[in-house]
Amino acid sequence: MKIHEYQARDLLVKFGIPVPDALVVETADQAKEAYEKLAAQGTPLVVVKAQVHAGGRGKGGGVKLVKSADEAGEVAKAILSKPLVTHQTGPEGVEVKKLMVAAGVEIEKEYYLGMAVDRATASPLLIASSEGGVEIEQVAASNPEAILREPIDPAMGLQGYQARKVAYKLGLKGKQVNQAVKVMQQVAKMFIDTDASLAEINPLIVTPASEEYPDGQVLAIDAKINFDDNALYRQKDIAQMADPAEEDASELRAKEFDLTYIKLDGSIGCLVNGAGLAMATMDLVKLHGQEPANFLDVGGSATEEAIAEAFRIILDDPNVKGVLVNIFGGIMQCDRIARAIVSAAQNVGFEVPLVVRLEGTNVDAARKILDEAKDAIPAMVVGTDLTDAAQKIAAAVAAA
Amino acid sequence: MSILINKNTKVICQGITGSAGAFHTKGCLEYGTQMVGGVTPGKGGQTDANGLPIFNTVAEAVEATGASASMIFVPPPFAADAILEAADAGIKVVVAITEGVPVLDMTRVRRALDSSRYADVSLIGPNCPGIITPGGCKIGIMPGYIHMPASEASTGKAVGIISRSGTLTYEAVWQCSERNIGQTTCVGIGGDPVRGLNFIDCLDLFNADSETDGIVMIGEIGGTDEEAAAAHIKANINKPVTAFIAGRTAPPGRRMGHAGAIISGGEGGAESKIEALREAGCHIAESPADLGSVMAKALGL
């Protein structure tokens, strides 16, 4: 599960991690007021940031530096007035409903601080780099030695010595070290306590020296936190932060029926049981010269109603020019799928070619059901095996 | 032979009174697995629909039945505890079918199981179909009838199968059985990012098993386990390995059903895995429909 930057900032505050002052607003007038409040505390430079889940906000025009209340208002109006398009949103963009207005800070040096679960060590992992402010993937590609990794015992948390080791390797000095150690330990604690799956503070910065902070202050400027969906049952506060407006409507609809659906850009709708087979079916479509319109795993225990809904979701996608059903019945019984196809044909109707390939539990009963219904479903063709099914749907769509 | 389990393995089911636990206990019994009991706290002393004794704790079940393997169906919030309970009670093969276990729970489980105290415990899963030695012992949810015992294979060849995906495993099994290639053991290692046995553990077991002639390995996007397996195959495995990687068409940043199947941070893409496996001398199935034919060819059939 993803949350907005302002929600991530609230979490950082809750865990005692220092961040610049900021306010959340929903209108241009509120943005002006927010500017005035922040300016009154001595920060003439203020950042207005669109609150959307997608990355690439800066390049998409969703993050602007402003120097006056009027400018804050104008920028806010502009961002709120139209969908924000970034490289992660697709060309239609996403609507911006909230803005974060944050005090600008002077930056002496930028760092990267992140947490993830490391598969290799089966542990939470602290990741840090002295090359902050850029995407960590770029650093990993261009300068892998600049990335520090510290596996954490999930029962003990990040130990002081581990954090000090990282802080000194990052090149922090004097009073910066203890500030950074505290930030790292609290970020690790937050990650574990909230069942996060990813936490990134990028950049983590050190400000220029001041009277209060003779070696500069360590501050978290931008935070991105994702959570483990499997743990939301015990993270009620986190679960409440979900923003349904950020999710694809058909993916939400699928979720209600315990289906896993991910919309893609191709033209062949896929209905499959099992995540691995669903991915493999997409690959198979591509191998036969077409593009998959979706990933859809109906799971092992889907009801006939859920499967019928799955067909509806697939057919609601205007890009879909053909549907490939690929089921290897284990727990899932093939006859249940067959009955759902018949019911979907009656209730939804197949106006595009449909190729069905069934194998496994109760397959003979399923074939009988489909055979009896074949006159009623002229769009349907039965695939004898995987390759045959893929060839048939690719040919049918190419001919259409 | 087989790996990890055989016809003499005694198995209990943790969560035997739940609907999935009860259903699949019956399925395993019908397949011929020596199911000897089950565990549901609070229901000790009762028997299940098949007449199997139910115990309150795994320790009691092990003491009374001599079970050495466990099939876990308890709900996700309690799955980590169930795995640790099994290991602590002396169970050697712990098969966690449960889907949806929080990943941090699994990091704690691995901390415990990786210690020397549990060096002889093998965890399979979670979020997996289980493990089967065809004709001998099935621990899990896979349809038994698609499998072919090594002894019944008219080609005289048998393979071991290792997979991160359930239904894709069935696909591989089916295609092998259709070609009269038997299976010594099939292990579904599970679709979660942090799990028990991995490709390398199973590759070593199959490599050492005299009856296994070849190995089918089914990976998917996410992580670098397939790359690690490729390096291991190159250095240590002397049997033909057929490999398929699912997710060539998956977009980065989207979790494709399995918690572990996500391309992120420039890592976990299908192409690099396929290249690593090819470079290690594996026989690559470009299409999931080719798993059986590629394996047959690699076995000289």
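Begin by selecting chain B and chain A together: in this predicted model the two chains bury about 4,000 Å² between them, with 62% of that area lying on carbon and sulfur atoms. Within this surface, pick out Leu104(B), Arg111(B) and Thr249(B), which supply 16% of the area that chain B buries against chain A, more than any other three residues. If you then widen the selection to every residue in contact across the boundary, you should have 52 residues of chain B set against 46 residues of chain A.

Turn next to the charged and polar pairs. The interface of chain B and chain A holds 5 salt bridges, and one to display is that between the side chains of Arg111(B) and Asp153(A), where nitrogen and oxygen are 3.8 Å apart. Between the two chains there are also 12 residue pairs in polar contact, counting those in which both residues have pLDDT 80 or more.

Now colour chain B by its secondary structure elements. On the side of chain B that touches chain A, at least two residues each come from α4 (103-113), α5 (166-178) and β12 (241-246), and α4(B) gives the most, with 7 residues. Colouring this side of chain B by residue class instead separates 25 nonpolar, 16 polar and 11 charged residues.

Finally, hide chain B and select chain A by domain: domain 1 takes in 1-20 + 106-246, domain 2 covers 21-104, and domain 3 spans 248-399. Placing a marker at the C-alpha centre of domain 2 of chain A and another at that of domain 3 of chain A gives a separation of 43 Å.

Terms used. Residues are numbered from 1 along each chain as its sequence is written. Chains are lettered from A and ligands numbered from 1 in the order in which they are written. This is a predicted model: local features need pLDDT of at least 70, side-chain atom pairs count only at pLDDT 80 or more; totals for chains, interfaces and linings use all residues. Side-chain values use heavy atoms; hydrogens and water are left out. Contact means heavy atoms within 4.5 Å. Buried area is the accessible area (1.4 Å probe) that two parts lose on being put together, summed over both. A salt bridge is a side-chain nitrogen of Lys or Arg within 4 Å of a carboxyl oxygen of Asp or Glu. A polar contact is a pair of N or O atoms within 3.5 Å; within protein, one must be able to donate a hydrogen and the other to accept it, and residues adjacent in sequence count only if both atoms are side-chain atoms. Helices (H or I, at least four residues) and strands (E, at least two) are DSSP runs, numbered from the N terminus. Ala, Val, Leu, Ile, Met, Phe, Trp, Tyr, Cys and Pro count as nonpolar, Asp, Glu, Lys and Arg as charged, and the others, Gly among them, as polar. Domain bounds come from an automatic or database domain assignment.
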